[in-house]
Amino acid sequence: MINIPIDKESTKLIYTKYDKNKLIKKEINSVEEFLNDREESNVRWLDVVGLSDEKILQDICDKFFIHPLVVEDLLDMEQTPKVEDYEESLFIIAKNIILEDDLLQEEQIAFMLYKDKLLSFRFKDTGIFDGIKSRLRDGSTLRKNNPDDLLYALLDITVDKYFVVMEDLGDRLDDLQDETLENPDKELLEKVYLLKRDLISIRNILWPMRNTVSSLSKNEYEIINGNTIYYFRDIYDHIIQIIEINETYREIASSMLEIYLSSIGNKTNEVMKILTVFSSIFIPLTFIAGVYGMNFRYMPELYWKYSYPSFWIISIITTIYMLRFFKKKGWFE
Amino acid sequence: MINIPIDKESTKLIYTKYDKNKLIKKEINSVEEFLNDREESNVRWLDVVGLSDEKILQDICDKFFIHPLVVEDLLDMEQTPKVEDYEESLFIIAKNIILEDDLLQEEQIAFMLYKDKLLSFRFKDTGIFDGIKSRLRDGSTLRKNNPDDLLYALLDITVDKYFVVMEDLGDRLDDLQDETLENPDKELLEKVYLLKRDLISIRNILWPMRNTVSSLSKNEYEIINGNTIYYFRDIYDHIIQIIEINETYREIASSMLEIYLSSIGNKTNEVMKILTVFSSIFIPLTFIAGVYGMNFRYMPELYWKYSYPSFWIISIITTIYMLRFFKKKGWFE
Amino acid sequence: MINIPIDKESTKLIYTKYDKNKLIKKEINSVEEFLNDREESNVRWLDVVGLSDEKILQDICDKFFIHPLVVEDLLDMEQTPKVEDYEESLFIIAKNIILEDDLLQEEQIAFMLYKDKLLSFRFKDTGIFDGIKSRLRDGSTLRKNNPDDLLYALLDITVDKYFVVMEDLGDRLDDLQDETLENPDKELLEKVYLLKRDLISIRNILWPMRNTVSSLSKNEYEIINGNTIYYFRDIYDHIIQIIEINETYREIASSMLEIYLSSIGNKTNEVMKILTVFSSIFIPLTFIAGVYGMNFRYMPELYWKYSYPSFWIISIITTIYMLRFFKKKGWFE
Amino acid sequence: MINIPIDKESTKLIYTKYDKNKLIKKEINSVEEFLNDREESNVRWLDVVGLSDEKILQDICDKFFIHPLVVEDLLDMEQTPKVEDYEESLFIIAKNIILEDDLLQEEQIAFMLYKDKLLSFRFKDTGIFDGIKSRLRDGSTLRKNNPDDLLYALLDITVDKYFVVMEDLGDRLDDLQDETLENPDKELLEKVYLLKRDLISIRNILWPMRNTVSSLSKNEYEIINGNTIYYFRDIYDHIIQIIEINETYREIASSMLEIYLSSIGNKTNEVMKILTVFSSIFIPLTFIAGVYGMNFRYMPELYWKYSYPSFWIISIITTIYMLRFFKKKGWFE
Amino acid sequence: MINIPIDKESTKLIYTKYDKNKLIKKEINSVEEFLNDREESNVRWLDVVGLSDEKILQDICDKFFIHPLVVEDLLDMEQTPKVEDYEESLFIIAKNIILEDDLLQEEQIAFMLYKDKLLSFRFKDTGIFDGIKSRLRDGSTLRKNNPDDLLYALLDITVDKYFVVMEDLGDRLDDLQDETLENPDKELLEKVYLLKRDLISIRNILWPMRNTVSSLSKNEYEIINGNTIYYFRDIYDHIIQIIEINETYREIASSMLEIYLSSIGNKTNEVMKILTVFSSIFIPLTFIAGVYGMNFRYMPELYWKYSYPSFWIISIITTIYMLRFFKKKGWFE
């Protein structure tokens, strides 16, 4: 249901390596450059952007001894987030949501975490990691740390994007709420439906994301330092928060539909009342007028002098009586 | 969805220390005063109110070796309640709900619990801890105890506020219930919707609060005495009770919306009946009157002497027949 | 939501002690009498009825070293059922439901179970334990047993009261069901709503009761004999059964509301059909009659000899045609 | 909700004993006969049918040292299915459903399983075990086995009856489905409601049956051979399958009610359209006819030669215009 | 609910055996041929297609010492997916879904996995394994592996078929969504209902499939190599993904029904408005025309010169007034 961008970009390999003292970032042309670089460093990060060039990818996977199933998952844009433990490495799939022109788009990012390096795979350069790259350049505390801390930073920035989307949806929900209570028209129905569908779709990503980060934060994998666990727990808290917001929004959207249905009932009721008031008052009077429009030769009232004023008096009395009857029923405020 | 007060107060440090024999409470200007006070005491409590002065906060966090992630959480007003164990200390986030002019507001309170001291962080002085402060001054049994007992007392007073809010909502629900059954009008719909939204929002705070207190009451953390566990279990019971009340209220509000929808259906049905009775009786009669209002030259009835009285007799009989037909259908009580 | 009786009775202490051979039951004035009675016996039971006299209660709690939180719970009429283990003793809160004039009332009963004695605390003498008292007097097998067997007997009799209430609600449900299917009127809506609300409220008591009895039946507490476990398991089965009945009733009540809504739709549809049949037949005919009631000088039909009979023939044919049209649409059975 | 047959049959004791070589089946008059029969045999099965004679039952329970709570359960027709372990024996309650004239009836069967014998207790002889009895007579593999295999065979035949009932309900559901989509009338509503109620009631039996068989198939009880476990697992699979079918049927029935509601909305909409088309076309025309039926002396049109044909032309044009307006709105197919 | 093809095919035995170097595939006539073939090989696979010939099946089961319950399950077309461990072998039932002419059909496939061989049982040759057979012929890596890898490959291809079905249903859902929002007519209701029913039915297969594959991927069975576990985990991920898609589709279909109901409400409301506008304007005017069509002798207005133009002026003013009234109510856009 969430739109997935179809056009893949050509493959770029961005190689970043750093420790406390230095940071080197360059685009490389083949994995060899990465593998041949034997200089010691805290963290070596290969960011593979654009997965269209299957040859390069196959090359990477061969060189890093990546399990064939992982390769398959890497190239499939419709994976669900998950962690898989392959002894020497950890394979992680994460998802990001982007809202472009009120259209949900998802971005899939895969990671291979090793003791001394991190590989990341993205289909497209959406600029999601730019913040991290500048933090590294500016020499943040991140520079002192290990690949798992880098993974944390990248996942954290990914999860933070959800808040932006949820806030946007929250604003839309607030607008719809006011409309529902004040002026429930036809277009509203479509808007609520589309919002609800978006919320359902987001939840489908959030739950596996939650499981993914949960298992990262549980000291299950020896590749992740006990220290970094705290940080993953923090991401976990964020996801739980987003899930809760999502749940709340969905329930509110559901309530809105219920309210909408009742509102239409109310409106129809009001229309009916107007019709009934008009009909109930004038139909009997029209009948009486019809009676004295008959052409029977023998109709004594026709020749009576006060017939016509009597007719009006009766009409007015009936009308007043009817209006009071409807008033008593509470049809007028 | 719950409103969060935006304006932060300037930072105040309120330092309380007590044991069985004495109680000292004063406002201090810097953390140094707290740290330099080496005099022995059962409990030392630093209540930090107003978190606008990030310098002081940073100072506190540095002096107490607080984890950077905790600092981040402290300053974020939209945290979900949780406990985090940091070996030497326990970090707790709790939430309180206030109902101001029928508007839900939440108050976030953070605690750092150590073996010998307690830090609390609040964005605003809402007077929530005043009861505890006076109990300490009056020399309650609290004075004999440890920091974890103080934490219990503070959490207990926080959770007790929920009951006040739920009671208020319960009263609103009772009012709405009577209105729904007696006079379901348009405004009611908005009220039920808003009440339901509030209940959904409160639940979102209650669940993490439950988990938070649950883990405090489970002997998981060595910083909390086995004895105090019983007390946390008591708070836990209270939260469970509030969750149950909330759940019940939500279900009742949902039932109310169902009833409302059926009620409108009933009302529309009644309006339709009135219209149908009037129309069904008078439309055929008007037709007959119309017939004898025609100007055809050759219409034998027009010249018949008893036509007019016959017309009335037929009209009356038809009307009676119709009324009995509707009565048989149960349209009149 | 469930009504709680407000007026407390004055405190009575009923002291029962028995073994295989003898049974002594008397009202005593102070706890001293109970404590001073050093004569050996299987079971010593102190039934405290009416909790208005806080002095006596405080006295009891002091003498039996009851935890201050327990005392607080004892005096609070709105506790949720629970078990709490206090090494030497077990604290249990149970709830009973009474249906007075179709109004749900709950009765809270607290127990303190020791190896050699049982304390029970009730707000009011509703006669719930009378059956047990007469069974003891008549020398049942109960006399041979321990305090935990007495607790079983008292809880069993409490839980059995639920069946009485559920049966009553089941009868009401059956009545409503027939009404819904045969004659869904306005009052029915209120009745179904109130029944559903009652069922929701009862469930709120049943779940903690279930947890309470479940932990009693799980060999968790050493104060309860392995033998008596079987008996608590039996109570547990009963509660599960009541929960199931409750759940079924609630689902049926929900279905009923759905059916009701559809029924109103059906009824409105039927009303509309009658209106439409009458209108569709007579409105065109009235138009034609109106045409020939016009006073144009040049209207050839007026002077034609067969106009009037032709008018009637056309009217009748049209009517027949319309009736067949509606019949074909299935509007008449 | 499920009907329970009230009339109990008089008690019959049917004693069956067999091993590979022989099978003896006879009705006996007292338990003594069973107990006194000391001849060796694989399996000795006492089938107690009709539980009205409490004396015989009490006798059986005394002779077999059956726990008093079990006796109580045996005589209560409204037990929920369960297993209870009594060291020397296993007490099992199972339920069967019978559909008589579209009315659900439940049959309760209790078993006491010992290492060397099986007791079964039934309120009425519904012929449910006849299949087993003939299989024993025909010398099936069953004859080689132990009492737990006999229990399996009896439970298996009981659970198989559920499939018969579910199939019947499935047929009813299919019929209702066609009716809902083609011709949703009033009776349908009642049928769907009753079907849904039946499904809810059946689920209430299935869940405890599932738990019962699940614990039998889990090697929890030493009285059951590891070998027979496989067989109970098979029954377990069957129950899971029935639960799933039940769940599906209930969801489909719920969808049907939603569809029904929308269908009525559609039908009312259609009725309204017919009314509106007739009214909107003829009401304005009738007004015009009414105008020229007025008796004002000074109405120039009355004397104009082409008034009357003009009137008709205008009427026809208006009608055509209106019909096109409604056609454009999509009111006619 | 899902259609099961009734006609069974005649039994064919397809015997495939392979290792790295060679692949032999032939149809055999009896199990003997399989058993007598003592030549060493990695994998020996007997694919039994068409289960109508019970004699051959019985023969197979006897020769392979298959448990009688398994035989029973094999021949029953309505099994739920499951794994059963029989020490020497593993019995697996899997299900495939096929969508033929918008009709769901399920295909049941059973496997017996041994250390050195695999048996598969299918009711019909639907060509589901053709992909595997060609992969084996083309000498894929599969040829190097064990029977559990073959089982993986066969299950994987089975599960992949679900995606095809879900995609098809997703397309139908998208079409229905557009129709619901733009033109909610009667046929739509049936389509949404049938789609929802299909989704419910598919879920009933997916859940046991999930449990089946889950237990295969959990290192529970020693017959499955630790290495192959990764692969089963992959299938597990796929099933989870399909379950999520199914869940999302069902929720969206439910939302659609809600939207539909509201849409009909909206449409009825609009029809009512048209009727009410026409009636409210013309009914009073017709009354006035009726009044001056009366034949009273003494009606001064009849003789007044400006009566007729006054009548028209009043009519037009009233109409304008009414139109503005309805416009103010927002009945026209």
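What turn and what shift along the axis lay chain D on chain C? In this predicted model, a turn of 72° with a shift of 0.1 Å along the axis does the job, and the RMSD comes out at 0.2 Å. The two copies are thus related as by a five-fold rotation axis. If you want to see where chain D comes nearest to that axis, look for D:Gly293: its C-alpha is the nearest one in the chain, 4.5 Å away.

Now for how these two copies meet. Only 19% of the interface residues of chain D are interface residues in chain C as well, so the copies meet through different surfaces.

Let's step inside a single chain. Chain A splits into domain 1, covering 2-262, and domain 2, covering 269-328. Between the C-alpha centres of these two domains of chain A there are 75 Å.

Domain 1 is also where to look for a pair of helices: H5 of chain A runs over residues 147-182 and H6 of chain A over residues 186-216. Their axes come within 11 Å and cross at roughly 155°. Since an angle over 145 degrees counts as roughly antiparallel, H5(A) and H6(A) are therefore roughly antiparallel to each other. Their crossing is left-handed.

What classes of residue make up the contact of H5(A) with H6(A)? There are 18 nonpolar residues, 1 polar and 4 charged. On the H5(A) side, the residues include A:Leu155, A:Val159, A:Leu169 and A:Arg172, while H6(A) brings in, among others, A:Leu188, A:Lys191, A:Ile202 and A:Met209.

Definitions and conventions. Residues numbered from 1 in each chain as written. Chains lettered and ligands numbered in written order. Predicted model: local features only at pLDDT ≥ 70, side-chain atom pairs only at ≥ 80, totals over all residues. Heavy atoms only, no water. Domains from an automatic or database assignment. Least-squares fit on C-alpha atoms with pLDDT ≥ 70 in both. Contact = heavy atoms within 4.5 Å. Axes fitted to C-alpha atoms, helices over the stretch in contact; angles between N-to-C directions. Helix = DSSP H or I, 4+ residues; strand = E, 2+ residues; numbered from the N terminus. Parallel < 35°, antiparallel > 145°, perpendicular 65-115°, else oblique. Left-handed = near helix turned anticlockwise from the far one by under 90°. Nonpolar A, V, L, I, M, F, W, Y, C, P; charged D, E, K, R; others polar.
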